[in-house]
Amino acid sequence: MLGSVAVLGYLLDQGTKAWANAALDPARPRDLVGPVLKLHLTHNAGAAFSMATNATWVLTLIAIAVIAATIFVARRIGSRAWAVALGLLLAGAFGNLTDRFVRPPRGGQGHVVDFLELPHWPIFNVADMCVVCAAALIALLAIRGIGIDGRRAGASGDTTDAGERADTVASSERRSDDDD
C-alpha cells in the first residue's frame, strides 16, 4: 500500500510539473476555478512562503532525512492509514527532491516547479499537497491514538496486563484448590 501510494503520488507530481512547464507561461497566470484557484508557473528555490531561498541545500538535506526516516519507520507499519500517510509523505519528499536534483541549477539546489495558486497562499504543487495531506493524516492518527503498528495507544499493554491478571488469578485458584 505504502509503495503504491508513493509511486502514484510521485508520478502525478512529476507529470503535472512537466505539463505545467510545457503549457504555462510564468508571466500569464490562468484562472482555473475563477479567482479561487489559478495556474501560475513559478520555480521556487526555497520552501513555502519563499523561506530558505538561500539555503536550498538545507531543504535537500531535510528531504533526504525525511525519506530515510520514513523508510526506517515503515518497517513497523501495521495500519493501512499509516501506509497511506507515509506513502504520501514519500511521494511529496521524492517529488520535490527530484526537482532539486534535475532542475536548474541542479546538484541538490534546483528550483521546485510550483503552479497552483490560492488567494493569500504560497504557490504550490502536487508534492506539497501530498506532504500536507500526510501531515494531516498523521496528526489525525496521533490524536486518535493509533500507533504505526495499527494498535491504539495503551491497547497492547492493557490487553497483556488483563491477560496476565487472568492467568495469575486462575493460577492462584488452582493452587487454592490443590491445598484443599
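# A walk through the structure, starting at Asn125

The side chain of Asn125 reaches the backbone nitrogen of Asp128 at 2.8 Å. That is one of the details in this predicted model. The side chain of Asn125 also reaches the backbone oxygen of Val113, at 2.9 Å. Asn125 sits in the loop between strand E3 (112-117) and H4. Is Asn125 buried or exposed? Its relative accessible area is 0%, and buried means under 20%, so Asn125 counts as buried.

Which residues does Asn125 touch, leaving aside those up to four places away in sequence? They are Asp13, Lys17, Asn96, Val112, Val113, Asp114, Phe115 and Leu116. Two of these names, Asp13 and Lys17, come back below among the salt bridges.

Now step back to the whole chain. The protein has 180 residues, and 33% of them are buried. Its secondary structure consists of five helices and three strands. Read from the N terminus, the order is α-β-β-α-α-β-α-α. Contacts between residues at least 6 apart in sequence can be sorted by separation. Of these, 64% join residues at least 24 apart. One pair of positions gives a feel for such separations along the chain. Ala136 and Ala85 are 51 residues apart along the chain, and their C-alpha atoms are separated by 8.5 Å. Ala136 belongs to helix H4. With 46% relative accessibility, Ala136 is partly exposed.

Next comes the interior. In soluble globular proteins, nonpolar side chains tend to be buried together. Here the largest nonpolar core holds 20 residues. Which of them touch the most other members? They are Leu2, Ile67, Trp82, Leu86, Leu88, Leu90 and Cys130. Four helices each supply at least two residues of this core: H1 (2-23), H2 (56-74), H3 (80-102) and H4 (126-143). H3 gives the most, with nine residues.

Trp82 is a good residue to pick out on the display. Setting aside residues up to four places away in sequence, Trp82 touches Ile77, Ile138, Leu141, Ile146, Gly147 and Ile148. There is also a second core, separate from the one just described. This second core has nine residues, including Leu37, Leu39, Val113 and Phe124. Val113 has already appeared, as the residue whose backbone oxygen is reached by the side chain of Asn125.

Charged residues make the next stop. Side chains of opposite charge can pair when their charged atoms come close. How many salt bridges does a search of the whole structure find? The count is four.

Begin with Lys17 and Asp13. These two form a salt bridge, with their closest N and O atoms 2.9 Å apart. Both residues lie in helix H1, four residues apart, which is about one turn of the helix. Lys17 has a relative accessible area of 0% and is buried. Asp13 is also at 0% relative accessibility, and counts as buried.

Asp99 and Arg103 form another salt bridge, where the closest N and O atoms are 3.2 Å apart. Asp99 and Arg103 are both buried. These pairs do not stand alone: Asp13, Lys17, Asp99 and Arg103 are linked in a network of salt bridges. Recall that Asp13 and Lys17 are among the residues touched by Asn125.

Asp31 and Lys38 give a further salt bridge. Their closest N and O atoms are 3.9 Å apart. Is Asp31 buried or exposed? Asp31 is exposed, at 53% relative accessibility. Lys38 is partly exposed, with a relative accessible area of 28%.

The tour ends on the outside. The protein exposes about 10700 Å², and carbon and sulfur atoms supply 64% of that area. One part of the surface is a nonpolar patch. Its members are Trp57, Val58, Leu61, Ile62, Ile64, Phe101 and Val102. Together they have about 630 Å² of accessible area. Which elements give two or more residues to the patch? They are H2 and H3. The largest share, five residues, comes from H2. Val58 lies in that helix, H2. Its relative accessible area is 30%, and Val58 is partly exposed.

Methods: Residues are numbered from 1 along each chain as its sequence is written. This is a predicted model: local features need pLDDT of at least 70, side-chain atom pairs count only at pLDDT 80 or more; totals for chains, interfaces and linings use all residues. Side-chain values use heavy atoms; hydrogens and water are left out. Buried means under 20% relative accessible area, exposed over 50%, partly exposed in between (1.4 Å probe, protein chains only). Contact means heavy atoms within 4.5 Å. Accessible areas come from the Shrake-Rupley method with a 1.4 Å probe; for residues, only the protein chains shown count as cover. A nonpolar core is a set of buried Ala, Val, Leu, Ile, Met, Phe, Trp, Tyr and Cys residues joined through side-chain atoms within 4.5 Å. A salt bridge is a side-chain nitrogen of Lys or Arg within 4 Å of a carboxyl oxygen of Asp or Glu. A polar contact is a pair of N or O atoms within 3.5 Å; within protein, one must be able to donate a hydrogen and the other to accept it, and residues adjacent in sequence count only if both atoms are side-chain atoms. Patches are made of residues with over 30% relative accessible area and no salt bridge: like charges are joined within 9 Å, nonpolar side chains (Val, Leu, Ile, Met, Phe, Trp, Tyr) within 5 Å.
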